[in-house]
Amino acid sequence: MHMSQLTPLERDILQACSEDDVGLWEAVRHGQRNFPHASPDEIKQVVLSALRVLLTARLIDAGLPVARGTSYDIVSWNLPADQAIERIRQEWDELGGEPTIGDIVWFVSTTEGDRVLAEGKERNVLKESD
């Protein structure tokens, strides 16, 4: 998997996950920025589709924050991508609206996700110097 195979939305979400833990609501914001005229239902579809690609390629992992003293870790759900997406979809449907801070799921980039980002940056640097 290379950066060039990712859509702009998938890239945005991966980049955000690499910088910090990303809640579902933040992925939704990226969806809205990439598709400013989409309806809430369309946003849900494009965001779930982007998350499915990133989870399937193991570029990000899905889980929930668990307190560790003064900080917290995202503890993985350890679910296959399809099951994770199904769980997110069901819980999102049950919300009956847009997810807000802390709702449903958080994402972190994996070692592989960070590697793909780093390679993408290197490739861009190389392109600029040609």
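**Thr110 and the nonpolar core**

Let me begin with Thr110, which is found in the loop between strand E4, residues 106-109, and helix H5. I should say at once that what we are looking at is a predicted model, with a mean pLDDT of 93 over the protein chain and 97% of its residues at 70 or more. That confidence varies by element, with the highest mean, 98, in H2, and the lowest, 83, in H5, the helix that comes after the Thr110 loop.

What does Thr110 touch, once residues up to four places away in sequence are set aside? Its contacts are Arg58, Leu59, Ile60 and Asp61. Within its own stretch of chain, a polar atom of the Thr110 side chain lies 3.0 Å from the backbone nitrogen of Gly113. Glu86, by contrast, is 24 residues from Thr110 along the chain, and the C-alpha atoms of the two are separated by 21 Å.

Turning now to the interior, the largest nonpolar core has 32 residues, and the members that touch the most others are Leu14, Leu24, Ile88 and Phe107. Two or more residues come from each of helices H1 (8-19), H2 (24-34), H3 (40-56), H4 (81-95) and H5 (111-129), and likewise from strand E2 (60-68); of these, H3 contributes the most, with seven residues. As general background, nonpolar side chains in soluble globular proteins tend to be buried together.

Finally, let me take Leu14 from that core: leaving aside neighbours within four places in sequence, Leu14 is in contact with Met3, Leu6, Leu54, Leu59, Ile60, Ser109, Gly113, Val116 and Leu117. Leu59 and Ile60 are thus among the contacts of Leu14, and they are also among those of Thr110.

Key:
Residues are numbered from 1 along each chain as its sequence is written. This is a predicted model: local features need pLDDT of at least 70, side-chain atom pairs count only at pLDDT 80 or more; totals for chains, interfaces and linings use all residues. Side-chain values use heavy atoms; hydrogens and water are left out. A nonpolar core is a set of buried Ala, Val, Leu, Ile, Met, Phe, Trp, Tyr and Cys residues joined through side-chain atoms within 4.5 Å. Buried means under 20% relative accessible area, exposed over 50%, partly exposed in between (1.4 Å probe, protein chains only). Helices (H or I, at least four residues) and strands (E, at least two) are DSSP runs, numbered from the N terminus. Contact means heavy atoms within 4.5 Å. pLDDT is the predictor's confidence in each residue, from 0 to 100. A polar contact is a pair of N or O atoms within 3.5 Å; within protein, one must be able to donate a hydrogen and the other to accept it, and residues adjacent in sequence count only if both atoms are side-chain atoms.
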